[in-house]
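Let's take a stroll through a protein model and see how its pieces fit together. Keep the picture open while you read.

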Amino acid sequence: MKLNVIGRQMNVFEETKQQIAKKLAKLDKFFPTEAQASVTLSRKHGASRVEITINAGGTLYRSEQDASDFREAIDRCVSIIERQIRKNKTRLAKRLRETIPEDEFFAPEDEDQELIIRTKEFSIKPMSVEEAILQMNLLGHSFFVFREDDGSNKGRVCVVYARRDGDYGLIVPQEE
């Protein structure tokens, strides 16, 4: 596994990097090809925070944990990612078992089979970011799509979303 360890506003000792590599090496058995892992360490308000993102064959596995020390946070992250991997592999195996015909020869699957289960259409009305946050909260959703109506760039389709820390984020398309 290719490993990239980053320390935010701190230095990461070689011993810590080796411990992280040892813990993540346990996950190598799940990936047929070499995966890339990015580990970010930081301290915030006296708590040690570890963020691990693994990219394996286009599938992302991510965990973010706070703990009293980095070892505990790393253990929690690795445990969560291992659970995500097992859940994903179980889901794929179950889907394959359901699609295999029992009495017929194996036929090549239709490559145009869609993974989208439901499509929802709705009208996007122009509004400010504050109105979009209000609408999102009223609906009880974690994100809301709207057309921007304030500022000089009118008409852009944007997404406002609720972050885990209680704040809000805004996704704005990049003009090319």
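A salt bridge is a side-chain nitrogen of Lys or Arg within 4 Å of a carboxyl oxygen of Asp or Glu. With that in hand, look at E64 and R62: they form a salt bridge, with their closest N and O atoms 2.9 Å apart. One thing to keep in mind as you go: this is a predicted model.

## The sheet and a helix across it

Start with the strands. Four of them make an open sheet in the order β1-β2-β3-β4, and the pairing is mixed. The edges are β1 (2–7) and β4 (59–67), each of which pairs on one side only. On average, neighbouring strands of this sheet are turned by 15° against each other, ignoring direction.

Now zoom in on the pair β2 (residues 36–44) and β3 (residues 47–56). These strands run antiparallel and are joined over 9 bridges. You can find one partnership yourself: S38 has T53 in β3 as its bridge partner. Then there's helix α1 (residues 14–25), which lies across β1, β2 and β3 and runs at about 140° to β1.

## E51, a charged residue tucked away

Is E51 buried or exposed? E51 sits in strand β3, and its relative accessibility is 12%; buried means under 20%, so E51 counts as buried.

Which residues does E51 touch, leaving aside neighbours within four places in sequence? The contacts are R8, S38, V39, T40, R62, S63 and E64. With R62 there is also a polar contact between the two side chains, at 3.5 Å.

R8 is another partner to look at. R8 and E51 form a salt bridge, with the closest N and O atoms 3.7 Å apart. This pair ties together distant parts of the chain: R8 is in the loop between β1 and α1, E51 is in strand β3, and 43 residues separate them. While E51 counts as buried, R8 is partly exposed, with a relative accessible area of 46%.

## Salt bridges beyond one pair

How many salt bridges does the structure hold? There are 11. Some of the charged residues join up: R8, R49, E51, R62, E64 and D66 are linked in a network of salt bridges. Back to the pair we opened with: E64 is partly exposed at 23% relative accessibility, and R62 is partly exposed too, with a relative accessible area of 35%.

Over at the helices, the side chains of K23 and D75 meet in a salt bridge of 2.8 Å, N to O. K23 belongs to helix α1 and D75 to helix α2 (residues 70–99), so to speak a link between distant parts of the chain, 52 residues apart. K23 is partly exposed, with a relative accessible area of 26%, and D75 is partly exposed as well, at 36%.

## A47, a small stop in β3

Let's finish with A47, which is found in strand β3. Its relative accessible area is 22%; since partly exposed covers values between 20% and 50%, A47 falls in that class.

What does A47 touch, not counting residues up to four places away in sequence? The answer is S42, D66 and A67. D66 also takes part in the salt-bridge network mentioned above. As for F70, this residue is 23 residues away from A47 along the chain, and the C-alpha atoms of the two are separated by 8.9 Å.

Notes:
Residues are numbered from 1 along each chain as its sequence is written. This is a predicted model: local features need pLDDT of at least 70, side-chain atom pairs count only at pLDDT 80 or more; totals for chains, interfaces and linings use all residues. Side-chain values use heavy atoms; hydrogens and water are left out. Two strands pair if DSSP finds at least two bridges between them. Helices (H or I, at least four residues) and strands (E, at least two) are DSSP runs, numbered from the N terminus. Axes are lines fitted to C-alpha atoms, for helices over the stretch in contact, and angles run from 0 to 180 degrees between N-to-C directions. Contact means heavy atoms within 4.5 Å. Buried means under 20% relative accessible area, exposed over 50%, partly exposed in between (1.4 Å probe, protein chains only). A polar contact is a pair of N or O atoms within 3.5 Å; within protein, one must be able to donate a hydrogen and the other to accept it, and residues adjacent in sequence count only if both atoms are side-chain atoms.
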